[in-house]
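User: Hey, could you walk me through this one? I'm new to reading structures, so plain words please.

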Amino acid sequence: MKVLIRLLSIFFFISFSSMLLWHYFTHSYPALSVPHDVNQNPAKSNDAAPSDPNNVKQNPAHIKINPFIDKLLASYSTSWKKQKKNFDTYRSLLSSSCNAIFSAVVTQDNSPVGINITYDADSKKILEVKSDLFSLFPKESPFKKAPWDSCAVVGNGGILANSSCGKQIDSATYVIRCNLPPLNNGHERDTGSKTNLVTANPSILFEKYHALNERRRSFVENMQIYGDALLLLPAFSYRQNTAVSLRALYSLEDFERDPRAVFYNPAYLRSLAGFWRGQGVREARLSTGIMMASLALELCNNVHLYGFWPFGTHPYTGRQLTNHYYDNRPANKRAHTMPAEFEALLNLHNKGVIHLHLGECTN
């Protein structure tokens, strides 16, 4: 009998204790139980940066992607404002190291007959400038009128698709585009079409135009979308680039069509690589995007970047992105460390030096 009474006492004690614990947790921490009718979608913001020519949707509520990207997004300043002191400091550092206005492009001024050109990605390759090559160089820098008021540097990231940034991009004084991107067939709404400078990776010329060893009319006709822009080619980076870059120049001259081909100065590219190594970006070769962002910092008083997001998930909507806004071809990860470059550009954005646009543009 005593045993039975003891067992009943223990049972009632446990039951009573359980009721107290249940009451404590459900009333003290109601967030542990989320009602089904609560809207868990993040709030949206249409705040625009003060310097924008048009409004830009900058959503402060970020989709969780991974710890590294989440950390980057958490530091992204959505209420951007130019910090003139910081801008002037970075421009001065770049100018003293690289001097893009005079040195970015090979010209008759900076590469006279008899000088030796050392390739920036192949230091064993040295080419003497002779009169026939010298005659192909512009007499002076195409950037002698710099600085311009504003630059839009347009990367090709998948984040640019459905961004509606075309009108805003075209409102910039000087528009720089990378690696012969498509601008028609509906892309105009997101990318715009105005182009003052466009780069071309020789791999495109090899793959799409058979290294320009065959018919060249299609290449010349396709280039017309960029109007009278400069076509910037790395003729003196790798030895296999030289002949195909010269053929691009000859093709445009032979058909008497724009754009006008010019060549990167390898001395400038070496200086630029050294500058970014000092900023913590250490890689086999800088991407075209960060090269053009750097060029814009010297050429323009206000620098806006579009299409610079090297990750596969949209920072605000969470949707999957293609690698480019026009295709899903992967980047060369052996040569470029895109996340490190993005982090360096994000640092400049947060310091008010450049404006890195990640949101949707609106009128």
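**Helix α13 and its surroundings**

Analyst: Let's begin with α13, whose buried residues pack against α2 (67-75), α3 (84-97), α11 (266-278), α12 (288-299), β9 (300-306) and β10 (355-356). Contact here means heavy atoms within 4.5 Å. Helices (H or I, at least four residues) and strands (E, at least two) are DSSP runs, numbered from the N terminus.

User: Anything I should know about the model itself?

Analyst: This is a predicted model, where local features need pLDDT of at least 70 and side-chain atom pairs count only at pLDDT 80 or more, while totals for chains, interfaces and linings use all residues. Residues are numbered from 1 along each chain as its sequence is written, and side-chain values use heavy atoms, with hydrogens and water left out.

User: OK, which residues of α13 are buried?

Analyst: Those are Glu-341, Phe-342, Ala-344, Leu-345, Leu-346, Leu-348 and His-349. Buried means under 20% relative accessible area, exposed over 50%, and partly exposed in between (1.4 Å probe, protein chains only).

User: How far apart are the end C-alpha atoms of α13?

Analyst: They are 18 Å apart, which agrees with the 18 Å that its 13 residues (338-350) should span at 1.5 Å a residue. The expected span is 1.5 Å times one less than the number of residues. After α13 comes Gly-352, with a positive phi near 75°.

User: Now the helices it packs on. What angle do α3 and α11 cross at?

Analyst: Roughly 135°, and their axes come within 9 Å. Axes are lines fitted to C-alpha atoms, for helices over the stretch in contact, and angles run from 0 to 180 degrees between N-to-C directions. So α3 and α11 are oblique to each other. For the cut-offs, under 35 degrees counts as roughly parallel, over 145 as roughly antiparallel, 65 to 115 as roughly perpendicular and the rest as oblique.

User: Which residues make that contact?

Analyst: From α3 they are Leu-93, Leu-94 and Ser-97, and from α11 they are Ser-271, Leu-272 and Phe-275.

User: And how do α11 and α12 pack?

Analyst: Their axes are 11 Å apart, at an angle of about 95°. That makes α11 roughly perpendicular to α12. On the α11 side, Tyr-268, Leu-269, Leu-272 and Trp-276 make the contact, and on the α12 side Ile-290, Met-291, Ser-294, Leu-295 and Glu-298 do.

User: Switching to the sheet: what's the strand order?

Analyst: The open sheet has seven strands in the order β8-β7-β6-β5-β4-β9-β10, with parallel pairing. Since β8 (260-263) and β10 are at the edges, each with a single partner strand, one side of each is left without a neighbour in the sheet. Two strands pair if DSSP finds at least two bridges between them.

User: How many bridges do β9 and β10 have?

Analyst: Two, in the parallel sense. His-304 stands opposite His-355 in β10.

User: What about β5?

Analyst: Strand β5 (residues 174-177) has Tyr-174 and Ile-176 pointing one way and Val-175 and Arg-177 the other, and all are buried. Four bridges join β5 to β4 (residues 148-154), running parallel, and Val-153 has Ile-176 as its bridge partner in β5. Two bridges join β5 to β6 (residues 197-199), also running parallel. There, Arg-177 has Val-198 in β6 as its bridge partner.

User: Last one: is Arg-247 buried or exposed?

Analyst: Arg-247 counts as buried, because its relative accessibility is 18%. Arg-247 is in helix α10 (residues 239-254). Not counting residues up to four places away in sequence, Arg-247 touches Ala-211, Leu-212, Asn-213 and Arg-216.
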